[in-house]
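Trainee: Could we go through the unusual backbone spots in this protein together? I would like to learn how to spot them.

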Amino acid sequence: MMRLVAAYPEWISSGETVGTTRQGRPIRLWCVGPGGCAPAAAGQQFELPAVLYTALVHAREPATLMCLVYALRKLLQDAAARVGGAHRLLASRKLLFMPVANPDGYAWNERTRPRGGGMKRKNGMRTCSPPDTENDGVDLNRNFGFKYAYDNIGSSARGCSEEYRGTGPFSEPETRAIQAVVQKHKPKAVLHWHGWGNDIAFPYSYDWRAPMSNDDLGLYQEFTAEMAASNHYASGRAWESVGYTTNGEADDWGWGDHQAVSVTIEVGSSSDGFWPPPSRILPIAMESAWPTHYLAWASGPMLQLDTLAL
């Protein structure tokens, strides 16, 4: 990220710490926009539409970090070259990037499996016996406030479970950091990267019977169909796309509590798994560039061609 800041100081901020983990690691956020998201000038009548992007919510999914960095770098490169309207996009949006949402879990995998392959998914909370194993921690994607602990199918009350939801909604510093960013910047849309599945999931995840109006469902279907136009990922509500229900989940919270169009993109195939071989990192990352850029465009006014007659 520091290399991107040095190369594109007119667009990207130097970064800020928006939280601190239980083990003392900073949770960092970078803002991309006019002047590196400089404060609004006095008298400015409106805020630019904001979009939040997160990766490594689950620590064993390193391809998500590469997807975020690749998509951001391509957007900055295209803006510098004035390709594909990227310059206009960055001039009219506030894009927020949190590359490592779970620093403690990622550091544990790095320490125990320095050559890759660590399977710790959760954060650094001590929840299991014996301690300091991959079973320790809270599943951050079960720790958000909307429909938290709705049932024991979509999350767990057991500390050693992979889906342990924590002691209460937003009990963890990582989810509180995301909460604070959303409350401060009020994003119109949010994209969370996860692995794996080659699909795009949207709310609601907590129950297959959860009500959603036809207008809201149509909005999500349109957005995800456009996002999958080049990578051909499947899309649907979480129980349709990934095949199970979850509660206390980030997309449900983003939409249910903040009306931010919130989606999860699950990158990589079953053969890639959580730790794809190095040869697969770039192809997987390239599949995320268009969804990233489309969501940024769709968060505010844009011209879109629906039909063409010759």
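Mentor: Let us take the cis peptide bonds and then the positive phi angles.
Mentor: This is a predicted model, where local features need pLDDT of at least 70, side-chain atom pairs count only at pLDDT 80 or more, and totals for chains, interfaces and linings use all residues. Residues are numbered from 1 along each chain as its sequence is written, and side-chain values use heavy atoms, leaving out hydrogens and water.

Trainee: What is the omega of the cis peptide bond from Gly195 to Trp196?
Mentor: Most peptide bonds are trans. Trp196 sits in the loop between β5 (189-195) and β6 (199-202); helices (H or I, at least four residues) and strands (E, at least two) are DSSP runs, numbered from the N terminus. The bond from Gly195 to Trp196 is cis, with omega near -5°.

Trainee: Which loop holds Tyr204?
Mentor: The peptide bond from Pro203 to Tyr204 is cis too, with omega near 0°. Tyr204 belongs to the loop between β6 and α6 (214-227).

Trainee: Is Arg82 buried or exposed?
Mentor: Most residues other than glycine have a negative phi. Arg82 is not a glycine, yet its phi is positive, about 55°; its loop runs between α2 (63-81) and α3 (86-91). Buried means under 20% relative accessible area, exposed over 50%, and partly exposed in between (1.4 Å probe, protein chains only). Because its relative accessibility is 61%, Arg82 counts as exposed.

Trainee: What is the relative accessible area of Asn198?
Mentor: Asn198 lies in the loop between β5 and β6. Although not a glycine, Asn198 has a positive phi of about 55°. Asn198 is partly exposed, because its relative accessible area is 26%.
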